[in-house]
Amino acid sequence: MRIVHYVNQFFGGVGGEEAAGSPLEERAGAVGPGLLFEQMMGEGAEIVTTLICGDNHAVEHQDEVVASVVDKVKKARAELFVAGPCFEAGRYGMAAGAICAAVQSELGIPVVTGMSEENPGTDLYRESLYIIDSGRQTAEMRGVMVKMADLSKKMMNNEKIGSPSEEGYLIRGLIRDEFVEQTAGRRLVDMLLAKVKGEPFESEMVSTFFEPIFMSVAVKDISNAKVMVITDGGLVPKGNPDNIEGMAATRWGTYNLEGLDDLKSEDYEISHGGYDPKFVQEDPHRLVPLDALRELEKEGAIGELHNEFISTSGLGNPLSNTRRMGKEMVEKVKEEGVDAVILTST
Amino acid sequence: MQLTLARHPVTEINFGDKTRLDGTSLLVDAEELRALLLADDRLQSVDLETVRAGENCRVGPVFDIIEPRAKEPGSSPDFPGILNTPATAGMGTTHVLDGAAVTVLIEGSVADTEGRVGRVLEMSGPAGEWSPYSSLQHFIVAPHARPELATHIKLNATRRAGMKAVVYLAQAAMGETSAETTTFDAVGPMVEGREGLPRVAYVGQIFSRQRSPEIDEKVIYGANTNGMMPLLLHPDEWLDGAIVPSYTLSLGGAETYFYQNHPVITDLYRRHEAGELSFVGTVATIAGSDNEDRDRNCQAAANLAKWSLKPDAAVLTKFGGGVPHSDMAITANLLEGAGIRTAVMVSDMAKDRRIESALLFNFPDVDAIVYCGGVDTIWKVPRAERVVAGHPDLTEALAMSQEIGAASIVGILNQQGATRLRAVIY
């Protein structure tokens, strides 16, 4: 098995911080921690090339270094690429992460690295890579290398990769389906009993959190503002002309309100599988309050109502999707010179 | 209150000239059963079939799967509120045809279903092997209602036909010696002699008000949950016909079979009997249609559990789609606030397979979560040798080799707790 190993100037024995600007160099065979890794991998495994680069150089010339490493790994006919472990060294982690991600996507060979949870490279690359949790202590090198080697062997043999706690990698934040021995009902009672007895238990779902979204500043003069309605309640013209999906919608539509004072039930339908739509179907103003907004427009309470509304269906939608649609809607809102948006949901 | 299950193993079902249990072989007089079902004049015909465990056969669209059970005279009634007056379920002896199931089909033509085959019973092959239903002997009931009837009336007639068939078949076991008789231990808040064991309650949703139920939909004791507040139930009421699943299911199945063999309740019983815990009872609740509904129900469910059952801990399950997770988590959080430890069961909904999209609630104390999968489990199933269709127009659509997701194969996903498909975070 041909392996290429990437290390920084410190672990490559070039020097400390004073050598952080040293360029990428190539050495035959294993160097430093690579010797340990080679030993852990057992017979038949050989680090054919060690690539060493100064931390500053790698970060400052990242594109160039990444391209060069990919090229060298390819030429070395490597079957496995290993970087680090980087522990909590930030520049080292960022460079190793970028290099590993590129080698993985461009060469399609197994890639393993190691970092601490706090390493900035972890946040950037945890989703795309298997990063063994190295902790912060370089003294733990041996234990980290055992885990990196074990995971490498599994990847090389196309074996099933277990959970983060079984294999020692940092949670990637991804989900996959798996059939298990015990039913959900049984696991539920097991977990509860452990919890109530104060014994350790592992929740099958980790808590996640949203980035905070801050309230925009108030509209200075609403009586002169152009107001628009955006809804995720799925109100669309009869026939759903944009084919907005009732669940996990990938599309949104813009629908005309020009010259309308009233949304008639028979002209609209609801594409949304997650709430009881009968009240909105009965009277669409319950979701898109055109009637009230026309009155406010007449009274001069708002400057004007924008002559179209935006609609999509907000059900079972992954954030990657809703973020994209949100950005697209913002573009549209800006283009139309809208000052204020009323968002209605269900 | 004490329920006894008299189990009669069934290893084959065949048509015969008289309905009876011959050893472990169930013989069914199709004409007698047909006459019984067609006494309901909302039905114009009914198809009856048998399907063997593990047979190369695909069946659909599935309306419900029910274990054949019939009550011994003098016990509480069969399916109270559906077939009988809504008297308390769970008392006396219930005869069970163990290893058998009645699978009731929806009558949907290709036009009604837009060519979709709905939920299917897959009896063999790569997908079938993961369904607990593929190892049972099935008796298929496909009722055909008069076409001019409104949909809710057709559905009501379908529900009733299934229940009638189940009781009719299981009555064959009446008077026969059962292979095994199980009487559940006495459980409840006042059971004595269990000091030192954690007192555990079950708080389960039985309906989601994301959709208004049909006026004549049967969910609990024949009621459709309109105006329902959380309700204290003895565990045996769940097991013995008080609750049936609603017409609309999303994100995970629920069948009458797994109320009768409720995975959470039977596991709590097992551990109660093993001396691991003291099972103090259950609360049946619903997921609200709006925030006020939600607040009222969650508080009432938590208070009912807290004051009436005095548990140390509670397990919670949800019914329906995504929103019911909120109801479940809010209830769990209220229980945690009252010092009652909780564990909850959720369905994965993250279509992009990233945990940031999996967030359904975030209460630090609701930290024991069982995470059920299904989003990315899809099989390419081979052409089925035999098909039993709710409507002949669907035969080819069912038979053909096709890609079919976990949610469409009955028994793979199950929000009552029978599923073994887990969503794993890595």
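## Cores and a buried alanine

Setting aside neighbours within four places in sequence, Val344(B) is in contact (C-beta atoms, placed from the backbone, within 7 Å) with Leu316(B), Met328(B), Ala329(B), Ala332(B), Val366(B) and Ile369(B). Apart from the core of Val344(B) lies another, of 50 residues, among them Tyr6(A), Phe37(A), Ala89(A) and Ile131(A). A nonpolar core here is a set of buried Ala, Val, Leu, Ile, Met, Phe, Trp, Tyr and Cys residues joined through C-beta atoms within 7 Å; buried means that 20 or more other C-beta atoms lie within 10 Å of a residue's own.

A word on the model: it is predicted, local features need pLDDT of at least 70, side-chain atom pairs count only at pLDDT 80 or more, and totals for chains, interfaces and linings use all residues. Residues are numbered from 1 along each chain as its sequence is written, while chains are lettered from A and ligands numbered from 1 in the order in which they are written.

Now meet Ala83(A), which sits in strand β4 (residues 80-83) of chain A; strands are DSSP runs (E, at least two residues) numbered from the N terminus. Ala83(A) counts as buried because 30 other C-beta atoms lie within 10 Å. Leaving out residues up to four places away in sequence, Ala83(A) touches Tyr6(A), Ala96(A), Ile99(A), Cys100(A) and Thr113(A). Its C-alpha atom is 7.2 Å from that of Gly114(A), 31 residues apart along the chain.

Here is chain A in brief:

| Property of chain A | Value |
|---|---|
| Box filled by C-alpha atoms, along the principal axes | roughly 80 × 50 × 35 Å |
| Buried share of the 346 residues | 38% |

Terms used: A residue is buried if 20 or more other C-beta atoms lie within 10 Å of its own, exposed if 12 or fewer, and partly exposed in between; C-beta atoms are placed from the backbone. Helices (H or I, at least four residues) and strands (E, at least two) are DSSP runs, numbered from the N terminus. Two residues are in contact if their C-beta atoms, placed from the backbone, lie within 7 Å.
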